[in-house]
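Welcome! Here is a short briefing to help you find your way around the structure below.

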Amino acid sequence: MAVKLPLVLRLSIPFGHHFKKRQWAAISNSKRNSRKLGFSKAEMAADSEPSKVIDSHLHIWASPQEAAEKYPYFPGQEPTLPGHVDFLLECMEEAGVDGALIVQPINHKFDHSYVTSVLEKYPSKFVGCCLANPAEDGSGINQLENLILKDGYRAVRFNPYLWPPGQLMTNEVGKAMFSKAGELGVPVGFMCMKGLNLHLTEIEQLCKEFPSTVVLLDHLAFCKPPINDEEQQLFNELLKLSRFPQVYVKFSALFRVSRNPYPYEDLSDILSKVVSCYGANRVMWGSDFPYVVSECGYKEAKEAVCQLAQQVHLSSSELEWIMGKTVKQIFNNQCFSL
């Protein structure tokens, strides 16, 4: 079953605002997509609503007491940081963040019960991204379908380091799960923690074979500001993935990809080039809570993006897309009904 890709809305252009050449290119591209795909009245109305700040990437896990009573950690993956939902809610309130996409943490591995309980308790505030189980027997395919259709998860994460030794995400099970995600209308997030170069071919192959499956590249695909030719070439490959209209980039976990301390000023050029290639409506901010709390603070993680956007002269409209509108559009404005 073919699944319609999320619509790309036009970026509003403030009268009299000076735009650099790269910004006009991004906006022109967005307009072309808009004319091709069209708009519904509901989408036009949603575009005029006040923007919400949505965190596109964070994790939660049970408190030690909750783990002992009901939501056990996966053996060997006991967390060393607090990450329970009450702590998250406190941080979000202080920072002025309205909603978030919760990514299933490795601490509970394939046991989604804790995150599911939070999604059920706060259905208009959080959306869930489950963790794909690439077991060789193919059982993860049914698990994925159940998590989406029964438990309401709206995205799935592919962690290539969970695949059986010697297996790629393009194996039979991986393709089946990637295809199923497209059929069910949920995006697939890729975690390339050990380097995009290790997984680039797999991502390209899956995008070519299954163009209806939306792709989210976590944490800039772990591309740091280039300091040599090899790293520059790899970053160029990240930019070239924009040729696939289904690919979106998370400008997230800045502390993981920056070479500098907060406010991560070396990422300004990275942000500028990513927005130029993808358009702001295919880029989204994410904190990587709770890890970010001890790095710079949750509120500061949000503010860093705003500072970087100002440095490279992004428009207020572009910043609104990055800080929430992109995530809402991916989920067809059906979530985060705050």
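In helix H8, which spans residues 200-209, the buried residues are Leu 200, Glu 202, Ile 203, Glu 204, Leu 206 and Cys 207. Their cover includes helix H7 (172-184), strand S5 (188-190), strand S6 (215-217), helix H9 (229-240) and strand S7 (247-252). Please keep in mind that this is a predicted model.

**Around helix H4**

- Helix H4 (residues 85-95) has Val 85, Phe 87, Leu 88, Leu 89, Cys 91, Met 92 and Ala 95 buried.
- These buried residues of H4 pack against strands S1 (54-58), S2 (99-103) and S3 (126-131), and also against helices H5 (113-121), H12 (291-295) and H13 (298-311).
- Just after H4 comes Gly 96, with a positive phi near 75 degrees.
- Lys 299 belongs to helix H13, and its C-alpha atom is separated by 7.1 Å from that of Cys 91, although the two are 208 residues apart along the chain.
- Leaving aside neighbours within four places in sequence, Lys 299 is in contact with Glu 94 and Ala 95.
- Lys 299 is partly exposed, because its relative accessible area is 32%.

**Nonpolar cores**

- The largest nonpolar core has 87 residues, and Phe 190 and Leu 217 have the most contacts inside it.
- H4 provides the largest share of this core, 7 residues.
- Apart from this core lies another one of 15 residues, including Leu 101, Met 284, Phe 331 and Cys 335.
- Once neighbours within four places in sequence are set aside, the contacts of Leu 217 include Phe 190, Ile 203, Leu 238, Leu 241 and Val 247. Tyr 248, Val 249, Lys 250 and Tyr 278 are also in contact with Leu 217.

**A loop residue beside H8**

- Thr 170 sits in the loop between strand S4 (155-158) and H7.
- Not counting residues up to four places away in sequence, Thr 170 touches Lys 175, Glu 202, Gln 205 and Leu 206.
- Thr 170 counts as buried because its relative accessibility is 14%, under the 20% cut-off.

**Cavities**

- The whole structure holds 4 cavities of 30 Å³ or more, and the second largest has a volume of about 40 Å³.
- Residues lining the second largest cavity include Phe 255, Tyr 264, Trp 285, Ser 287 and Val 292.
- Helix H10 (254-257), strand S8 (283-286) and H13 are the elements that give two or more residues to this lining.
- By class, the lining of the second largest cavity has 8 nonpolar residues, 2 polar ones and no charged ones.

**Salt bridges**

- How many salt bridges does a search of the whole structure find? There are 10.
- Lys 180 pairs with Glu 145 in one salt bridge, where the closest N and O atoms are 3.8 Å apart. Lys 180 lies in helix H7 and Glu 145 in helix H6 (residues 139-149), so this pair ties together parts that are 35 residues apart in sequence.
- Lys 180 counts as buried at 18% relative accessibility, whereas Glu 145 counts as partly exposed at 23%.
- Glu 145, Lys 180 and Glu 183 are linked in a network of salt bridges.
- Arg 256 and Asp 288 also meet through their side chains in a salt bridge, at 2.6 Å from N to O. Arg 256 lies in helix H10 and Asp 288 in the loop between S8 and H12, so the pair connects parts 32 residues apart in sequence.
- Arg 256 is partly exposed at 27% relative accessible area, while Asp 288 counts as buried at 2% relative accessibility.
- Asp 269 forms a salt bridge with Lys 273, with the closest N and O atoms 3.0 Å apart. Both lie in helix H11 (residues 268-278), 4 residues apart, which is about one turn of the helix.

Note on methods: Residues are numbered from 1 along each chain as its sequence is written. This is a predicted model: local features need pLDDT of at least 70, side-chain atom pairs count only at pLDDT 80 or more; totals for chains, interfaces and linings use all residues. Side-chain values use heavy atoms; hydrogens and water are left out. Buried means under 20% relative accessible area, exposed over 50%, partly exposed in between (1.4 Å probe, protein chains only). Contact means heavy atoms within 4.5 Å. A nonpolar core is a set of buried Ala, Val, Leu, Ile, Met, Phe, Trp, Tyr and Cys residues joined through side-chain atoms within 4.5 Å. On a 1 Å grid over the protein atoms alone, a cavity is a set of points where a 1.4 Å probe fits but cannot get out, and a pocket is an open set with protein on both sides within 12 Å along at least five of seven lines; lining residues have an atom within 4 Å of a point. Grid points are joined across faces, edges and corners, and a volume is the space filled by probe spheres set on the points. Ala, Val, Leu, Ile, Met, Phe, Trp, Tyr, Cys and Pro count as nonpolar, Asp, Glu, Lys and Arg as charged, and the others, Gly among them, as polar. A salt bridge is a side-chain nitrogen of Lys or Arg within 4 Å of a carboxyl oxygen of Asp or Glu.
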